[in-house]
Amino acid sequence: MIKRNKTRKIKIGNVYIGGNSPIAIQSMCNTDTHDVKATVAQIRKLTQAGCEIIRITVPDIQAAQAIGKIKSQISIPLVADIHFSADVAMEAIRQGVDKLRINPGNIGSEEKVVMLVKECQKKKIPIRIGVNAGSLEKDILKKYKGKATAKGMVDSAMRHIKILEKYNFYDIVISMKASDIERTIEAHRLLSKKVNYPMHIGVTEAGTIFRGTIVSSIGLGVLLYDGIGDTLRVSLTADPVEEIRVAWEILKSLGLRKRGIAVTSCPTCGRTEIDLISLTKKVEKKLEGIDKDIRVAVMGCVVNGPGEAQEADLAIIGGKGVGLIMKHGKLLKKVNEKDLLKEFIKEIKEF
Ligand code: SF4
């Protein structure tokens, strides 16, 4: 059992993160925020895929003004990603945004920080501080001899945290991103010893679906196993829907969340007598939209198949042109290969 860090519980719209709330999955739109129709369409698609918090980039006042229209057409909390401008942030708040991603140390004057913090306090809007190894403050870089170290990332996070705490603002979420796993892990481990604010975890610039999935699974997997992480984003150079799929699989694999049917399958070998690779793909595709908490196994032969089938709720054991359908390890029926998928799906739906 993974023992999660006890962090402060924070409310983002209708979703809680931190404390013992489920680890929330988030993503970021890659549409132009000014294009409300395209942004809403993408958020709806992501919501359907299992996205629980969505972030949009808000580069100017016009984009901030689109927030109200976007929010009225979606059902998940909306986070505005803002760089430097307190005025844009204030407009995002007026428009009903659920969370801001802005670094207080980059806003400019103290007056503006106070104005923004007070408004967030009044409207109960949390602020995410986002530290990126690629854009650490000059003096911090100097302290670590020009290197963006994990310690430097923690110093930067603490600097922004202290600014907010000075004004009694504690609804803080922290993210610290580096493009390599080692620094990302080290920075989170160090910071989680200093503060108990919820952590938004992710490995930035992870890459394409193939590389990004591997890098994110390792990086996030280690952190999650350590009990670190209250919300996560998998960053991929791909359709953001893929980020959601990968994020769910990471959390499901660690037993931290449940969603849909878990499909296990054997790697196939010389003993396999049915077309197991295409059968497994078809089973996975067919089960995508079915939200049942069951475990399914697709196995290529009777050597190891029955063992796996004992642990699965429903299983296919391949034979020569036939398949056995097992339920809780007991034989349910023997079916011709051509009817196997149809019969198996029928059993799953009736389960
Ligand atoms: Fe090979 Fe059978 Fe094991 Fe699949 S279950 S890998 S077919 S021995």
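Let's start in the middle of a sheet: Ala-80 stands opposite Leu-100 in β6. The model is a predicted one, where local features need pLDDT of at least 70 and side-chain atom pairs count only at pLDDT 80 or more, while totals for chains, interfaces and linings use all residues. Residues are numbered from 1 along each chain as its sequence is written, and side-chain values use heavy atoms, with hydrogens and water left out.

**The parallel sheet**

Ala-80 belongs to strand β5, residues 78-81. A quick word on names: helices (H or I, at least four residues) and strands (E, at least two) are DSSP runs, numbered from the N terminus. Two strands pair if DSSP finds at least two bridges between them. Strand β5 has partners on both flanks: β6 (residues 99-101) pairs with β5 in the parallel sense over three bridges, and β4 (residues 53-57) runs parallel to β5, joined by four bridges. Across that second pairing, Thr-57 stands opposite Asp-81.

Which way do the side chains of β5 go? Leu-78 and Ala-80 point one way, Val-79 and Asp-81 the other way, and all of them are buried. Buried means under 20% relative accessible area, exposed is over 50%, and partly exposed is in between (1.4 Å probe, protein chains only).

Zoom out and you get an open sheet of eight strands, ordered β8-β7-β6-β5-β4-β3-β10-β9, with parallel pairing. Its edge strands, β8 (172-177) and β9 (200-201), each pair on one side only. Helix α7 (residues 150-166) packs on this sheet and touches β7 (127-132) and β8, with its direction making about 160 degrees with that of β8. Here contact means heavy atoms within 4.5 Å. Axes are lines fitted to C-alpha atoms, for helices over the stretch in contact, and angles run from 0 to 180 degrees between N-to-C directions.

**The mixed sheet**

There's another open sheet, with five strands in the order β11-β12-β13-β14-β15 and mixed pairing. At its edges sit β11 (262-265) and β15 (330-336), each paired on one side only. From one strand to the next, the twist averages 20 degrees. Strands β13 (residues 314-318) and β14 (residues 322-327) pair in the antiparallel sense over five bridges, and Gly-318 stands opposite Gly-323 there. Helix α11 (residues 276-287) packs on the sheet, touching β11, β12 (295-299) and β13, and its direction makes about 160 degrees with that of β12. Helix α13 (residues 337-350) lies across β12, β13, β14 and β15, at about 140 degrees to β15.

**Two odd backbone angles**

Most residues other than glycine have a negative phi. Here are two with a positive value:

| Residue | Phi | Loop |
|---|---|---|
| Phe-84 | near 70 degrees | between β5 and α4 (86-94) |
| His-328 | about 45 degrees | between β14 and β15 |

His-328 is partly exposed, with a relative accessible area of 44%.

**Ligand and cysteines**

Which residues are around the ligand, meaning with a heavy atom within 4 Å of it? They are Cys-266, Pro-267, Thr-268, Cys-269, Arg-271, Thr-272, Met-299, Gly-300, Cys-301 and Asn-304. This shell divides into five nonpolar, four polar and one charged. In this scheme Ala, Val, Leu, Ile, Met, Phe, Trp, Tyr, Cys and Pro count as nonpolar, Asp, Glu, Lys and Arg as charged, and the others, Gly among them, as polar.

How many disulfides (cysteine sulfur pairs within 2.5 Å) does the structure hold? Zero. Take Cys-51: the closest cysteine sulfur, in Cys-29, is 7.9 Å from its own, so that is too far for a bond. Cys-51 is also buried, at a relative accessible area of 3%.

Methods. A residue is near a molecule or strand if one of its heavy atoms lies within 4 Å of it. A disulfide is a pair of cysteine sulfur atoms within 2.5 Å.
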